[in-house]
Amino acid sequence: MAETRLEEKPMTAPSTTALAEAFDRGFDGATTTPESDRYEEARRVWNGAVDDHPAVIAHCRGTDDVVAAVTLAAAAGVPLAVRAGGHSVAGFSSCDGGVVVDLAPMRGVAVDPHRRRAVVQPGATWADFDAATGIHGLASTGGLVSSTGVAGLTLGGGIGWLQRRYGLACDNLRSAQLVTADGRLIDADEALLWGLRGGGGNFSVVTSHVPRRLAITASSVDKGALEPTQILDIDETCAVHGGSGNPSAETLLHFEIVRRRAAGAVLHTHSVWSTVLSDSHGLDRGPATEGYEMLKGLDGVRTHEHREWVPIVPNDQDMLRLARVVGRTLDEHPSAHAILLQRHGIYTWGATLADAVRHVEIFEFLLETMGRTRAYRLRGGYDGPAQGS
Ligand SMILES: Cc1cc2nc3c(=O)[nH]c(=O)nc-3n(C[C@H](O)[C@H](O)[C@H](O)COP(=O)(O)OP(=O)(O)OC[C@H]3O[C@@H](n4cnc5c(N)ncnc54)[C@H](O)[C@@H]3O)c2cc1C
(Lines give C-alpha, C1' and ligand atoms only; values in the text may rest on other atoms or scores of the structure.)
Protein backbone atom coordinates (compact mmCIF):
# COMPACT_ATOMS: atom_id res chain seq x y z
CA MET A 1 0.00 0.00 0.00
CA ALA A 2 1.32 3.48 -0.84
CA GLU A 3 2.41 5.58 2.07
CA THR A 4 1.34 9.21 2.38
CA ARG A 5 3.52 11.46 4.45
CA LEU A 6 2.98 14.93 5.82
CA GLU A 7 4.66 16.80 3.06
CA GLU A 8 3.44 19.55 0.84
CA LYS A 9 1.89 18.03 -2.27
CA PRO A 10 3.74 19.24 -5.35
CA MET A 11 1.30 21.63 -6.99
CA THR A 12 0.70 20.88 -10.61
CA ALA A 13 -2.16 23.34 -10.77
CA PRO A 14 -3.05 24.77 -14.16
CA SER A 15 -2.38 28.43 -14.82
CA THR A 16 -5.05 30.87 -13.76
CA THR A 17 -5.86 31.50 -17.40
CA ALA A 18 -6.26 27.79 -18.18
CA LEU A 19 -8.63 27.43 -15.24
CA ALA A 20 -10.63 30.48 -16.33
CA GLU A 21 -10.84 29.04 -19.84
CA ALA A 22 -12.06 25.70 -18.47
CA PHE A 23 -14.83 27.61 -16.67
CA ASP A 24 -15.66 29.54 -19.85
CA ARG A 25 -16.23 26.22 -21.58
CA GLY A 26 -17.85 24.18 -18.82
CA PHE A 27 -19.68 26.59 -16.49
CA ASP A 28 -22.90 28.33 -17.51
CA GLY A 29 -23.04 30.93 -14.74
CA ALA A 30 -21.05 34.15 -14.40
CA THR A 31 -17.47 34.08 -13.10
CA THR A 32 -15.17 36.68 -11.65
CA THR A 33 -11.42 36.33 -12.20
CA PRO A 34 -8.45 38.52 -11.17
CA GLU A 35 -8.79 40.33 -14.50
CA SER A 36 -12.41 41.37 -13.78
CA ASP A 37 -13.20 44.92 -12.62
CA ARG A 38 -15.28 43.59 -9.73
CA TYR A 39 -12.66 41.12 -8.52
CA GLU A 40 -11.65 43.02 -5.37
CA GLU A 41 -15.26 43.35 -4.29
CA ALA A 42 -16.16 39.79 -5.26
CA ARG A 43 -13.31 38.12 -3.33
CA ARG A 44 -14.11 39.96 -0.09
CA VAL A 45 -15.41 37.97 2.90
CA TRP A 46 -16.72 39.16 6.25
CA ASN A 47 -13.39 38.86 8.04
CA GLY A 48 -11.34 41.70 6.54
CA ALA A 49 -8.11 40.00 7.67
CA VAL A 50 -8.69 37.19 5.15
CA ASP A 51 -6.84 38.21 2.00
CA ASP A 52 -7.12 35.18 -0.28
CA HIS A 53 -6.95 35.55 -4.06
CA PRO A 54 -9.02 32.83 -5.74
CA ALA A 55 -8.35 32.17 -9.42
CA VAL A 56 -12.06 31.88 -10.23
CA ILE A 57 -15.16 32.91 -8.31
CA ALA A 58 -18.04 30.91 -9.74
CA HIS A 59 -21.38 32.62 -9.12
CA CYS A 60 -23.83 29.73 -9.01
CA ARG A 61 -27.51 30.20 -9.91
CA GLY A 62 -28.59 26.61 -9.42
CA THR A 63 -27.55 23.07 -8.59
CA ASP A 64 -26.20 22.44 -12.10
CA ASP A 65 -23.79 25.34 -11.69
CA VAL A 66 -22.60 23.98 -8.32
CA VAL A 67 -22.02 20.52 -9.81
CA ALA A 68 -20.14 22.06 -12.75
CA ALA A 69 -17.95 24.26 -10.54
CA VAL A 70 -17.06 21.43 -8.16
CA THR A 71 -16.31 19.08 -11.05
CA LEU A 72 -14.11 21.62 -12.86
CA ALA A 73 -12.16 22.44 -9.66
CA ALA A 74 -11.65 18.72 -8.93
CA ALA A 75 -10.50 18.06 -12.49
CA ALA A 76 -8.01 20.92 -12.26
CA GLY A 77 -6.76 19.75 -8.85
CA VAL A 78 -7.04 23.23 -7.33
CA PRO A 79 -8.37 24.18 -3.87
CA LEU A 80 -12.12 24.68 -3.58
CA ALA A 81 -13.95 26.89 -1.11
CA VAL A 82 -17.71 27.17 -0.67
CA ARG A 83 -19.12 30.58 0.21
CA ALA A 84 -22.63 31.28 1.40
CA GLY A 85 -22.96 34.15 3.88
CA GLY A 86 -19.15 34.55 3.88
CA HIS A 87 -18.99 34.91 7.68
CA SER A 88 -16.44 32.20 8.43
CA VAL A 89 -14.11 33.97 10.83
CA ALA A 90 -11.31 31.56 9.90
CA GLY A 91 -11.76 32.40 6.21
CA PHE A 92 -12.93 28.93 5.14
CA SER A 93 -15.09 30.38 2.40
CA SER A 94 -12.18 31.63 0.32
CA CYS A 95 -8.91 30.21 -0.96
CA ASP A 96 -5.73 31.19 -2.73
CA GLY A 97 -5.39 30.21 -6.37
CA GLY A 98 -8.44 27.96 -6.43
CA VAL A 99 -12.17 28.14 -7.02
CA VAL A 100 -14.73 29.82 -4.80
CA VAL A 101 -18.21 28.37 -5.26
CA ASP A 102 -20.27 31.47 -4.58
CA LEU A 103 -23.76 30.48 -3.51
CA ALA A 104 -25.00 34.01 -2.83
CA PRO A 105 -27.23 34.10 -5.95
CA MET A 106 -29.14 31.06 -4.58
CA ARG A 107 -31.10 32.65 -1.76
CA GLY A 108 -34.62 31.32 -2.15
CA VAL A 109 -36.64 30.15 0.87
CA ALA A 110 -39.91 28.24 0.28
CA VAL A 111 -42.14 27.86 3.33
CA ASP A 112 -44.83 25.23 3.81
CA PRO A 113 -46.74 26.67 6.79
CA HIS A 114 -48.92 23.55 7.19
CA ARG A 115 -45.99 21.15 7.57
CA ARG A 116 -43.92 23.85 9.32
CA ARG A 117 -41.03 23.20 6.97
CA ALA A 118 -38.83 25.58 5.00
CA VAL A 119 -36.75 24.54 2.00
CA VAL A 120 -33.72 26.80 1.94
CA GLN A 121 -31.34 27.35 -0.94
CA PRO A 122 -27.65 27.12 0.01
CA GLY A 123 -26.81 30.83 -0.21
CA ALA A 124 -29.71 32.14 1.87
CA THR A 125 -28.95 34.24 4.94
CA TRP A 126 -30.99 34.34 8.11
CA ALA A 127 -32.42 37.67 6.92
CA ASP A 128 -33.86 35.82 3.88
CA PHE A 129 -35.08 32.99 6.10
CA ASP A 130 -36.75 35.22 8.70
CA ALA A 131 -38.42 37.36 6.04
CA ALA A 132 -39.97 34.26 4.42
CA THR A 133 -41.04 32.47 7.61
CA GLY A 134 -42.06 35.59 9.54
CA ILE A 135 -45.04 36.31 7.30
CA HIS A 136 -46.48 32.96 8.44
CA GLY A 137 -45.73 33.70 12.09
CA LEU A 138 -43.07 30.96 12.08
CA ALA A 139 -39.41 30.95 13.08
CA SER A 140 -36.55 28.59 13.79
CA THR A 141 -33.30 28.86 15.74
CA GLY A 142 -31.08 31.06 13.58
CA GLY A 143 -28.10 33.34 14.09
CA LEU A 144 -28.03 36.40 16.29
CA VAL A 145 -26.81 38.41 13.29
CA SER A 146 -29.07 38.09 10.27
CA SER A 147 -26.34 38.43 7.63
CA THR A 148 -24.81 35.02 8.51
CA GLY A 149 -25.62 32.18 6.11
CA VAL A 150 -28.25 29.56 6.99
CA ALA A 151 -26.12 26.68 5.65
CA GLY A 152 -22.79 27.78 7.15
CA LEU A 153 -24.30 28.47 10.54
CA THR A 154 -26.28 25.23 10.60
CA LEU A 155 -23.24 23.17 9.56
CA GLY A 156 -21.38 24.67 12.52
CA GLY A 157 -24.14 23.85 15.03
CA GLY A 158 -25.85 27.22 15.16
CA ILE A 159 -26.74 29.05 18.31
CA GLY A 160 -29.44 31.70 18.29
CA TRP A 161 -32.32 33.43 19.99
CA LEU A 162 -34.65 30.43 20.14
CA GLN A 163 -32.12 27.77 21.13
CA ARG A 164 -33.33 27.30 24.71
CA ARG A 165 -36.76 26.39 23.48
CA TYR A 166 -36.07 24.75 20.11
CA GLY A 167 -32.44 23.56 20.26
CA LEU A 168 -29.60 24.49 17.94
CA ALA A 169 -30.08 25.33 14.27
CA CYS A 170 -28.65 21.92 13.36
CA ASP A 171 -31.23 20.18 15.58
CA ASN A 172 -33.89 21.50 13.22
CA LEU A 173 -32.25 20.23 10.04
CA ARG A 174 -34.59 17.63 8.53
CA SER A 175 -33.04 16.80 5.14
CA ALA A 176 -30.29 17.96 2.84
CA GLN A 177 -29.19 17.59 -0.72
CA LEU A 178 -25.45 17.56 -1.29
CA VAL A 179 -22.94 17.88 -4.07
CA THR A 180 -20.08 15.54 -3.21
CA ALA A 181 -16.44 16.40 -3.77
CA ASP A 182 -16.49 14.36 -6.99
CA GLY A 183 -19.50 16.26 -8.30
CA ARG A 184 -22.36 13.84 -7.54
CA LEU A 185 -25.72 15.16 -6.39
CA ILE A 186 -27.08 13.06 -3.51
CA ASP A 187 -29.75 13.20 -0.85
CA ALA A 188 -28.25 12.82 2.61
CA ASP A 189 -29.29 9.58 4.29
CA GLU A 190 -29.80 9.40 8.06
CA ALA A 191 -26.12 8.74 8.81
CA LEU A 192 -24.91 11.60 6.64
CA LEU A 193 -27.56 13.91 8.02
CA TRP A 194 -26.33 13.13 11.52
CA GLY A 195 -22.83 14.13 10.41
CA LEU A 196 -24.07 17.35 8.85
CA ARG A 197 -25.55 18.51 12.10
CA GLY A 198 -22.59 20.57 13.17
CA GLY A 199 -19.31 19.23 11.74
CA GLY A 200 -15.94 21.00 11.56
CA GLY A 201 -12.31 20.96 12.69
CA ASN A 202 -10.61 17.58 12.79
CA PHE A 203 -11.25 14.57 14.96
CA SER A 204 -9.29 11.47 15.92
CA VAL A 205 -9.86 8.30 17.87
CA VAL A 206 -7.05 6.04 19.11
CA THR A 207 -7.42 2.59 17.60
CA SER A 208 -4.25 1.18 19.19
CA HIS A 209 -1.87 2.47 21.87
CA VAL A 210 0.98 0.02 21.13
CA PRO A 211 1.92 0.70 18.40
CA ARG A 212 0.09 4.01 18.41
CA ARG A 213 -2.52 4.26 15.65
CA LEU A 214 -5.25 6.84 15.11
CA ALA A 215 -8.45 6.91 13.12
CA ILE A 216 -8.41 10.53 12.00
CA THR A 217 -10.58 12.58 9.69
CA ALA A 218 -8.99 13.42 6.33
CA SER A 219 -7.85 16.95 5.68
CA SER A 220 -9.74 19.43 3.46
CA VAL A 221 -13.03 17.58 3.53
CA ASP A 222 -16.23 18.91 5.02
CA LYS A 223 -16.41 17.06 8.34
CA GLY A 224 -20.16 17.27 8.10
CA ALA A 225 -20.15 15.27 4.88
CA LEU A 226 -17.57 12.61 5.61
CA GLU A 227 -17.69 9.30 3.83
CA PRO A 228 -16.46 6.32 5.90
CA THR A 229 -13.40 6.07 3.62
CA GLN A 230 -12.40 9.60 4.61
CA ILE A 231 -11.50 8.41 8.09
CA LEU A 232 -7.84 7.49 7.83
CA ASP A 233 -5.98 4.77 9.69
CA ILE A 234 -2.66 6.37 10.49
CA ASP A 235 0.52 5.53 12.41
CA GLU A 236 2.92 7.74 14.35
CA THR A 237 5.00 8.58 11.30
CA CYS A 238 1.75 9.83 9.73
CA ALA A 239 1.81 7.01 7.17
CA VAL A 240 -1.71 6.19 6.00
CA HIS A 241 -2.69 2.51 6.24
CA GLY A 242 -6.31 2.83 5.25
CA GLY A 243 -8.85 5.32 3.93
CA SER A 244 -8.47 7.87 1.18
CA GLY A 245 -7.26 11.45 1.39
CA ASN A 246 -4.46 13.22 3.15
CA PRO A 247 -3.98 13.48 6.90
CA SER A 248 -4.22 17.00 8.28
CA ALA A 249 -0.91 18.69 8.97
CA GLU A 250 -2.15 18.89 12.56
CA THR A 251 -2.05 15.11 12.95
CA LEU A 252 1.18 15.56 14.88
CA LEU A 253 -0.71 17.53 17.52
CA HIS A 254 -3.19 14.70 17.93
CA PHE A 255 -0.35 12.23 18.53
CA GLU A 256 1.35 14.65 20.92
CA ILE A 257 -1.83 14.94 23.00
CA VAL A 258 -2.45 11.19 22.93
CA ARG A 259 1.12 10.58 24.14
CA ARG A 260 1.09 13.16 26.95
CA ARG A 261 -2.43 12.54 28.21
CA ALA A 262 -2.94 8.87 27.35
CA ALA A 263 -6.07 10.10 25.58
CA GLY A 264 -8.40 7.79 23.69
CA ALA A 265 -9.81 10.55 21.47
CA VAL A 266 -8.82 14.09 20.52
CA LEU A 267 -11.25 16.63 19.13
CA HIS A 268 -10.37 19.94 17.53
CA THR A 269 -13.07 22.47 16.71
CA HIS A 270 -13.13 26.05 15.49
CA SER A 271 -15.82 28.07 17.16
CA VAL A 272 -16.28 31.80 17.42
CA TRP A 273 -15.79 31.92 21.19
CA SER A 274 -12.71 29.70 21.32
CA THR A 275 -11.17 31.89 18.61
CA VAL A 276 -12.14 35.19 20.22
CA LEU A 277 -10.90 34.19 23.68
CA SER A 278 -7.67 32.71 22.33
CA ASP A 279 -6.82 36.19 21.16
CA SER A 280 -7.88 38.31 24.10
CA HIS A 281 -5.33 37.12 26.64
CA GLY A 282 -1.56 37.28 26.75
CA LEU A 283 -0.05 33.93 25.76
CA ASP A 284 1.09 33.39 29.32
CA ARG A 285 -2.41 34.09 30.64
CA GLY A 286 -5.14 32.00 29.02
CA PRO A 287 -8.80 32.31 29.99
CA ALA A 288 -9.74 30.89 33.39
CA THR A 289 -13.10 30.23 34.95
CA GLU A 290 -14.48 28.84 38.19
CA GLY A 291 -17.69 28.39 40.12
CA TYR A 292 -19.77 26.85 37.31
CA GLU A 293 -21.65 23.61 37.86
CA MET A 294 -20.70 22.64 34.30
CA LEU A 295 -17.06 22.25 35.42
CA LYS A 296 -18.04 19.03 37.17
CA GLY A 297 -18.35 17.39 33.77
CA LEU A 298 -14.58 17.58 33.24
CA ASP A 299 -12.63 14.42 33.99
CA GLY A 300 -11.54 14.27 37.63
CA VAL A 301 -13.37 17.46 38.66
CA ARG A 302 -15.71 16.90 41.63
CA THR A 303 -16.79 20.39 42.61
CA HIS A 304 -17.99 23.56 40.92
CA GLU A 305 -15.34 25.40 42.95
CA HIS A 306 -12.69 24.03 40.60
CA ARG A 307 -10.72 26.65 38.64
CA GLU A 308 -10.09 25.67 35.02
CA TRP A 309 -7.39 27.48 33.12
CA VAL A 310 -6.99 26.99 29.39
CA PRO A 311 -3.42 27.56 28.15
CA ILE A 312 -2.97 29.37 24.85
CA VAL A 313 -0.30 28.38 22.35
CA PRO A 314 0.64 30.66 19.42
CA ASN A 315 -0.44 29.21 16.09
CA ASP A 316 2.41 28.11 13.85
CA GLN A 317 2.59 26.59 10.37
CA ASP A 318 5.70 24.62 11.37
CA MET A 319 3.89 21.58 12.76
CA LEU A 320 6.95 19.96 14.31
CA ARG A 321 7.67 23.13 16.27
CA LEU A 322 4.00 23.55 17.16
CA ALA A 323 3.77 19.93 18.37
CA ARG A 324 6.81 20.51 20.59
CA VAL A 325 5.27 23.65 22.10
CA VAL A 326 1.96 21.85 22.66
CA GLY A 327 3.81 18.93 24.35
CA ARG A 328 5.73 21.28 26.62
CA THR A 329 2.58 23.21 27.52
CA LEU A 330 0.74 20.00 28.41
CA ASP A 331 3.63 18.92 30.65
CA GLU A 332 3.75 22.31 32.35
CA HIS A 333 0.00 22.30 33.01
CA PRO A 334 -0.92 18.74 33.94
CA SER A 335 -4.40 19.69 35.14
CA ALA A 336 -5.46 21.42 31.89
CA HIS A 337 -8.28 19.63 30.02
CA ALA A 338 -7.91 21.67 26.82
CA ILE A 339 -5.55 23.92 24.96
CA LEU A 340 -6.28 26.88 22.69
CA LEU A 341 -4.37 27.58 19.50
CA GLN A 342 -4.30 31.33 19.08
CA ARG A 343 -6.82 32.60 16.48
CA HIS A 344 -7.44 29.00 15.48
CA GLY A 345 -9.54 26.85 17.78
CA ILE A 346 -9.56 24.47 20.71
CA TYR A 347 -8.10 21.01 21.28
CA THR A 348 -9.59 18.84 23.97
CA TRP A 349 -9.47 15.12 24.63
CA GLY A 350 -10.84 12.29 26.73
CA ALA A 351 -10.38 8.65 27.63
CA THR A 352 -13.14 7.79 25.13
CA LEU A 353 -14.78 9.59 22.23
CA ALA A 354 -17.83 10.26 24.41
CA ASP A 355 -15.60 11.89 27.06
CA ALA A 356 -13.94 14.07 24.44
CA VAL A 357 -17.33 15.11 22.98
CA ARG A 358 -18.50 16.02 26.50
CA HIS A 359 -15.38 18.14 26.98
CA VAL A 360 -15.99 19.99 23.70
CA GLU A 361 -19.53 20.82 24.82
CA ILE A 362 -18.36 21.94 28.26
CA PHE A 363 -15.60 24.16 26.90
CA GLU A 364 -17.88 25.71 24.29
CA PHE A 365 -20.30 26.53 27.11
CA LEU A 366 -17.58 27.88 29.42
CA LEU A 367 -15.82 29.95 26.76
CA GLU A 368 -19.06 31.49 25.56
CA THR A 369 -20.05 32.23 29.14
CA MET A 370 -16.71 33.93 29.73
CA GLY A 371 -16.96 35.96 26.53
CA ARG A 372 -20.54 37.05 27.09
CA THR A 373 -19.98 37.86 30.76
CA ARG A 374 -17.06 40.04 29.83
CA ALA A 375 -19.11 41.83 27.15
CA TYR A 376 -21.94 42.51 29.61
CA ARG A 377 -19.49 43.74 32.20
CA LEU A 378 -17.90 46.12 29.70
CA ARG A 379 -21.34 47.51 28.96
CA GLY A 380 -21.95 47.92 32.70
CA GLY A 381 -24.90 45.52 32.66
CA TYR A 382 -23.48 42.69 34.76
CA ASP A 383 -23.06 42.85 38.49
CA GLY A 384 -22.57 39.13 39.27
CA PRO A 385 -19.34 37.61 40.51
CA ALA A 386 -16.29 38.25 38.36
CA GLN A 387 -15.95 35.23 36.07
CA GLY A 388 -13.83 34.39 33.11
CA SER A 389 -10.66 36.27 33.86
C1 LIG B 1 -20.82 38.67 12.83
C2 LIG B 1 -21.00 37.20 13.10
C3 LIG B 1 -22.04 36.78 13.87
C4 LIG B 1 -22.21 35.42 14.15
N5 LIG B 1 -23.25 35.02 14.92
C6 LIG B 1 -23.45 33.72 15.15
C7 LIG B 1 -24.58 33.29 15.92
O8 LIG B 1 -25.36 34.06 16.39
N9 LIG B 1 -24.73 31.97 16.09
C10 LIG B 1 -23.85 31.06 15.58
O11 LIG B 1 -24.03 29.86 15.79
N12 LIG B 1 -22.80 31.43 14.85
C13 LIG B 1 -22.58 32.74 14.63
N14 LIG B 1 -21.52 33.13 13.89
C15 LIG B 1 -20.63 32.11 13.32
C16 LIG B 1 -21.22 31.66 11.99
O17 LIG B 1 -22.31 30.82 12.23
C18 LIG B 1 -20.19 30.85 11.22
O19 LIG B 1 -19.11 31.66 10.91
C20 LIG B 1 -20.84 30.27 9.97
O21 LIG B 1 -19.96 29.28 9.47
C22 LIG B 1 -21.10 31.33 8.95
O23 LIG B 1 -21.80 30.80 7.86
P24 LIG B 1 -21.84 31.61 6.49
O25 LIG B 1 -22.63 30.84 5.51
O26 LIG B 1 -22.22 33.03 6.74
O27 LIG B 1 -20.30 31.68 6.14
P28 LIG B 1 -19.41 31.07 5.00
O29 LIG B 1 -18.08 31.66 5.33
O30 LIG B 1 -19.96 31.33 3.65
O31 LIG B 1 -19.44 29.53 5.29
C32 LIG B 1 -18.92 29.00 6.48
C33 LIG B 1 -18.47 27.56 6.26
O34 LIG B 1 -19.58 26.78 5.88
C35 LIG B 1 -19.36 26.23 4.59
N36 LIG B 1 -20.62 26.38 3.86
C37 LIG B 1 -21.43 27.45 3.81
N38 LIG B 1 -22.49 27.19 3.09
C39 LIG B 1 -22.36 25.92 2.64
C40 LIG B 1 -23.14 25.10 1.84
N41 LIG B 1 -24.32 25.52 1.32
N42 LIG B 1 -22.72 23.86 1.59
C43 LIG B 1 -21.54 23.41 2.10
N44 LIG B 1 -20.75 24.15 2.88
C45 LIG B 1 -21.16 25.39 3.14
C46 LIG B 1 -18.29 27.10 3.97
O47 LIG B 1 -17.52 26.42 3.03
C48 LIG B 1 -17.46 27.46 5.14
O49 LIG B 1 -16.54 26.42 5.46
C50 LIG B 1 -21.30 34.46 13.62
C51 LIG B 1 -20.23 34.90 12.82
C52 LIG B 1 -20.08 36.25 12.58
C53 LIG B 1 -18.92 36.69 11.75
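**Notebook: ligand shell, cores and helix H3**

I began at the ligand. Helix H5 gives the most to the shell around the ligand, with four residues. The model I am reading is predicted.

Which elements each supply at least two residues of this shell? I found strand E3 (80–83) and helix H5 (150–155).

I then listed the residues around the ligand, 30 of them. Gly-85, Ser-88, Pro-122, Gly-149 and Gly-152 come nearest. I sorted the shell by class: 15 residues are nonpolar, 13 are polar and two are charged.

Where does the ligand lie relative to domain 1 and domain 2? I checked the domain bounds, 17–102 for domain 1 and 109–196 for domain 2. Both domains give residues to the shell, so the ligand lies between them.

**Whole protein**

I stepped back for an overview. I count eleven helices and 18 strands in the protein. Of its 389 residues, 37% are buried. I also looked at contacts with a separation of 6 or more: residues 24 or more positions apart account for 56% of them.

**Cores**

I looked for nonpolar cores next. In soluble globular proteins, nonpolar side chains tend to be buried together. The largest nonpolar core here has 42 residues. Leu-253, Ile-257, Val-266, Val-326, Ile-339, Tyr-347 and Phe-363 have the most contacts inside it. Helix H11 (residues 353–378) provides the largest share of this core, seven residues.

Another core, of 39 residues, lies apart from the largest one. I noted Phe-27, Ala-73, Phe-129 and Leu-155 among its members.

I returned to Ile-339 in the largest core. What does Ile-339 touch, leaving out residues up to four places away in sequence? I found Val-310, Pro-311, Val-313, Val-326, Thr-329, Leu-330 and Tyr-347.

**Helix H3**

I checked the length of helix H3 (residues 63–76). At 1.5 Å a residue, its 14 residues should span 20 Å. The C-alpha atoms at its ends are 20 Å apart, so the two values agree.

Which residues of H3 are buried? My list reads Asp-65, Val-66, Ala-68, Ala-69, Val-70, Leu-72, Ala-73 and Ala-76. One of these, Ala-73, I had already met in the core of 39 residues.

I followed the buried residues of H3 to their packing partners. They pack against helix H1 (16–26), strand E2 (56–59), E3, strand E4 (99–102) and strand E7 (177–179). E3 also supplies at least two residues of the ligand shell.

Last, I looked just past H3. Gly-77 takes a positive phi there, of about 70°.

Terms used: Residues numbered from 1 in each chain as written. Predicted model: local features only at pLDDT ≥ 70, side-chain atom pairs only at ≥ 80, totals over all residues. Near = placed C-beta within 6 Å. Nonpolar A, V, L, I, M, F, W, Y, C, P; charged D, E, K, R; others polar. Domains from an automatic or database assignment. Core = buried A, V, L, I, M, F, W, Y, C linked by C-beta atoms within 7 Å. Buried ≥ 20, exposed ≤ 12 C-beta atoms within 10 Å, placed from the backbone. Contact = placed C-beta atoms within 7 Å. Expected span 1.5 Å × (residues − 1).
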